[in-house]
Amino acid sequence: MILLISTCREKLSDGEFLGPVKRVVKDCVVKHFSEVDKVDDYDKIIICGTSLQDNECFEDIEKFLWLTTTTKPVLGICAGMQVMALTFGGVLLDSFEVGMIEIETLKENDLFRGTFSVYSLHSSGVNVSNDFDVIAKSATTAHGIKHKEKPLYGLLFHPEVRNHEIIQNFINM
Amino acid sequence: MKLAALFTGGKDSTYAIHLARQNGHEIVCLITLKSQNPDSYMFHTPAIEVTELQAKSMGIPHLLADTTGEKEKELVDLERAIITAKWKYNFEGVLTGALASVYQATRIQKICFGIDLWCFNPLWMKDPLEEMQELLSHNFEFIFSSVAADGLTKDWLNKKITSEDLERLKLLNANNKLSFSGEGGEFETLVTKCPMFEKEVIITARMVMENSCTGKLIVTGAELK
């Protein structure tokens, strides 16, 4: 079973950031990040994004410390990638990209390859710690990260909008 | 949270209001852009004048702003309308019925972020047939106010959509005669009755067809009953 984690402060945002991922994943358990204490009962975990104005999950970053100990595959989308980077000592950077943009793969991985078009909606990017490789980037910022030893993936863009196959690849991994 | 809803009078923006209220938000005003360009990239145009009656029926203040509907310039008109409404009604966020159009959604997101407002799109990426099924189950009544797709002939215009119609739409979709997967525009809708309306909207209209599968309603009269 897959655990889908909402990072949305407002439940009304779940329709926009969690709903489209849920429609791709189908069978899953949904929890808000504040309710998550252990994740090892699940096969895989997806942390969804949130609204441009919503910073609550960054103010409560200790709620994501399970990321540093889990051995389960995790996919962090947008805010999900940002909290992933932060829990390993990374920092947020100003980066405003809204709309369809081109992404280039930098390192071979199980989720995607080549250059492709994605939907982006973010006001921050990340500068990751040495625990991560940057596996994809846009013209201005890192859009894909992968932990060097664990199956932890982060995507700054939103695959639930125009790149469902990437979520499917994560599920099938 | 106090929200302003971008309101077209169609099923998506009306359903978004319903969902926002269910989640405890207060809709303090409705904003409608009346575009002079029937082919506007941003704004729904058929039967847009009926929004005034729909707003009255919901008891929500309504701001109707004009735009020439010229690409990009219409975004300046939208931003100006949101700023004017914010000054008057003091809200923290904007609600839209954006379903699939990346073009529309990203432009509204940028405007909201630029003026420090939350942006809510609760129907984002929702399957339109599933949405229409939900609307019928919540006692929403709506008609098609325009059609622009193979298989959607004149008889779909000004017709109250029923469960049987959804089955017909599913068939058209399955036969690839009608696609719901793109940026929208295959049809536009007008909500005539729903649990949030105190009175039903009754319209009289004539149909203008450009060809056998492209046409719209021209509203000649409307009242609340």
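**Exercise 1. Classify B:Thr51 and place B:Thr51 in its surroundings.**

Solution. At 0% relative accessibility, B:Thr51 is classed as buried, where buried means under 20% relative accessible area, exposed over 50% and partly exposed in between (1.4 Å probe, protein chains only). The model is predicted: local features need pLDDT of at least 70, side-chain atom pairs count only at pLDDT 80 or more, and totals for chains, interfaces and linings use all residues. Residues are numbered from 1 along each chain as its sequence is written, chains are lettered from A and ligands numbered from 1 in the order in which they are written, and side-chain values use heavy atoms, with hydrogens and water left out.

Step 1. Helix α2 of chain B, residues 51-58, holds B:Thr51. Helices (H or I, at least four residues) and strands (E, at least two) are DSSP runs, numbered from the N terminus.

Step 2. Leaving aside residues up to four places away in sequence, B:Thr51 touches B:Phe7, B:Thr8, B:Gly9, B:Thr32, B:His62 and B:Leu64. Contact means heavy atoms within 4.5 Å.

**Exercise 2. Describe B:His62: which element holds B:His62, and which side chain does the side chain of B:His62 meet in a polar contact?**

Solution.

Step 1. B:His62 belongs to strand β3 of chain B, residues 62-67.

Step 2. The relative accessibility of B:His62 is 22%, so B:His62 counts as partly exposed.

Step 3. Not counting residues up to four places away in sequence, the residues that B:His62 touches are B:Leu30, B:Thr32, B:Thr51, B:Glu52 and B:Ala55.

Step 4. The polar contact of the B:His62 side chain is with the side chain of B:Thr32, at 2.8 Å. A polar contact is a pair of N or O atoms within 3.5 Å; within protein, one must be able to donate a hydrogen and the other to accept it, and residues adjacent in sequence count only if both atoms are side-chain atoms.

**Exercise 3. Two non-glycine residues of chain B have a positive phi: B:Glu72 and B:Met125. Locate each and state its exposure.**

Solution.

Step 1. Most residues other than glycine have a negative phi.

Step 2. B:Glu72 has a phi of about 75 degrees and sits in the loop between β3 and α3 (73-89) of chain B. With a relative accessible area of 40%, B:Glu72 is partly exposed.

Step 3. B:Met125 has a phi of about 70 degrees and sits in the loop between β5 (118-120) and α5 (128-137) of chain B. B:Met125 is buried, at a relative accessible area of 18%.

**Exercise 4. How many salt bridges are there over all chains? Describe examples.**

Solution.

Step 1. The search of the whole structure gives 16 salt bridges over all chains. A salt bridge is a side-chain nitrogen of Lys or Arg within 4 Å of a carboxyl oxygen of Asp or Glu.

Step 2. In chain A, A:Lys11 pairs with A:Asp14 in a salt bridge, with the closest N and O atoms 3.8 Å apart. A:Lys11 is exposed at 59% relative accessibility, whereas A:Asp14 is buried at a relative accessible area of 15%.

Step 3. In chain B, B:Lys11 and B:Asp12 form a salt bridge through their side chains (2.7 Å, N to O). B:Lys11 is buried, with a relative accessible area of 4%.

Step 4. B:Arg80 and B:Asp77 form a salt bridge at 3.5 Å, N to O. Both residues lie in helix α3 of chain B, three residues apart, about one turn of the helix. B:Asp77 counts as buried at 11% relative accessibility.

Step 5. A network of salt bridges links B:Asp155, B:Lys159, B:Asp165 and B:Arg168.

**Exercise 5. Characterise the interface of chain A and chain B.**

Solution.

Step 1. In contact are 23 residues of chain A and 26 residues of chain B.

Step 2. The buried area is about 2,100 Å², and carbon and sulfur atoms give 62% of this area. Buried area is the accessible area (1.4 Å probe) that two parts lose on being put together, summed over both.

Step 3. A:Leu12, A:Glu16 and A:Gln53 supply 35% of the area that chain A buries against chain B, more than any other three residues.

Step 4. Zero salt bridges are found across the interface, while six residue pairs are in polar contact (both at pLDDT 80 or more).
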